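Trainee: I am new to this structure. Can we go through it step by step?

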Amino acid sequence: MCTAAAEPWGRLAAALQRGTKVDKPSASALIDRAADLHIQELGLSARLLQHKVESHLDAITAVLPRAGEHERALTIAAGETAALAGWVAWDLGEHPKANAYYKVASECASSAGHPPLRALALTYASYGGNAPQRKLGLLRQAAQDVRGRGNAAAAAWIHGRYAEEAALLDNATDALQALDRARFAYDFADHTSEQAWVRFMTPYRMDSLTLSVYSQLRRSELAVTANDAIARLGNGLPDGGVVVLGDLAVALLRGGNVDQGLDVTRKFATAAHAKPNTMGKERARAIASLLPVGERDLAHHLRQLAA
């Protein structure tokens, strides 16, 4: 118990048991900072972000016992920060720490009566572990938690994640149905005005989820979807570009479009080097296995990125 209380998630869990008074400007500043950290995550590596996130979690934790009328809003901000801390920890390979953060983020959601926050923690958690059915269970619960207005981008992400996991199990029916739900939800989404934690859910990221599913299932729609994604991408590198370019490269190479696949692979390698992360490593590994025999140097470089 003493050890847990010494950690940021332990201090937050303890602070949830109390509550009194904080002024509105201070509460607003803490809430805005929590949102801004989710936006910073798009451009910063996990290593650079970790101290900022954990320091901010400590700052919110310190004022929660005096939160007064701002207790619910600050509890939600604390939970969103804890969830991000978990995501960063997972990215750095600190899996027990990540799970502890996800757990306390879910406790914040229960304390505040705010299901979308639990959905965030559950969806982050779905990227870890090796039990596919458990991942699907987490995502089913997360989908229930984001029903209703203001959650369309979150719903698109969660259903897209479910589609990815179902495709990995070769369950084409479930995967395609979930992908249809994701794309339908995205028609009503505005990732720039919903929760800060769905800011990454750009049209490019929706493309990448679709490509991931079609590629895994070897669907005939893969080539057309990849071409549409390239046209949308243009010459720019969007936020979250490592994942987007990685999924696009896999789709092109798997679909037989080798020249374009190599071009995107080189852009992916540059992006993955600039912002190394676990999801990029997974994609680097997959791309390396799909490269033609003549691209040994590129394959070696990608395996180094994946190490």
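Trainee: Which helices each supply at least two residues of the lining of the largest pocket?

Mentor: This is a predicted model. Its largest pocket has a volume of about 510 Å³. Each of these supplies at least two lining residues: helix H9 (152-168), helix H11 (203-217), helix H13 (241-254) and helix H15 (278-290).

Trainee: Which residues lie nearest the centre of the largest pocket?

Mentor: The lining has 19 residues. They divide into 7 nonpolar, 3 polar and 9 charged. Nearest the centre lie Glu-164, Leu-168, Ser-212, Glu-282 and Arg-283.

Trainee: How many residues of H13 are buried?

Mentor: H13 has 14 residues. Its reach from first C-alpha to last is 20 Å, close to the 20 Å expected at 1.5 Å a residue. Buried means under 20% relative accessible area. By that cut-off H13 is mostly covered, and its buried residues number 13 of 14.

Trainee: Which residue takes a positive phi just after H13?

Mentor: H13 spans 241-254. Look just after that helix, where phi is about 90°. The residue is Gly-256.

Trainee: Which helix gives the most to the largest nonpolar core?

Mentor: That core has 101 residues. Met-201 and Leu-302 have the most contacts inside it. One helix gives 11 residues, the most to this core: helix H5 (residues 71-91).

Trainee: What does Met-201 touch?

Mentor: Met-201 is one of the two residues named for the most contacts inside the core. Leave out residues up to four places away in sequence. Met-201 then touches Ala-153, Ala-156, Trp-157, Tyr-186, His-191, Met-206 and Leu-209.

Notes
Residues are numbered from 1 along each chain as its sequence is written. This is a predicted model: local features need pLDDT of at least 70, side-chain atom pairs count only at pLDDT 80 or more; totals for chains, interfaces and linings use all residues. Side-chain values use heavy atoms; hydrogens and water are left out. On a 1 Å grid over the protein atoms alone, a cavity is a set of points where a 1.4 Å probe fits but cannot get out, and a pocket is an open set with protein on both sides within 12 Å along at least five of seven lines; lining residues have an atom within 4 Å of a point. Grid points are joined across faces, edges and corners, and a volume is the space filled by probe spheres set on the points. Helices (H or I, at least four residues) and strands (E, at least two) are DSSP runs, numbered from the N terminus. Ala, Val, Leu, Ile, Met, Phe, Trp, Tyr, Cys and Pro count as nonpolar, Asp, Glu, Lys and Arg as charged, and the others, Gly among them, as polar. A nonpolar core is a set of buried Ala, Val, Leu, Ile, Met, Phe, Trp, Tyr and Cys residues joined through side-chain atoms within 4.5 Å. Buried means under 20% relative accessible area, exposed over 50%, partly exposed in between (1.4 Å probe, protein chains only). Contact means heavy atoms within 4.5 Å. The expected span of a helix is 1.5 Å times one less than its number of residues.
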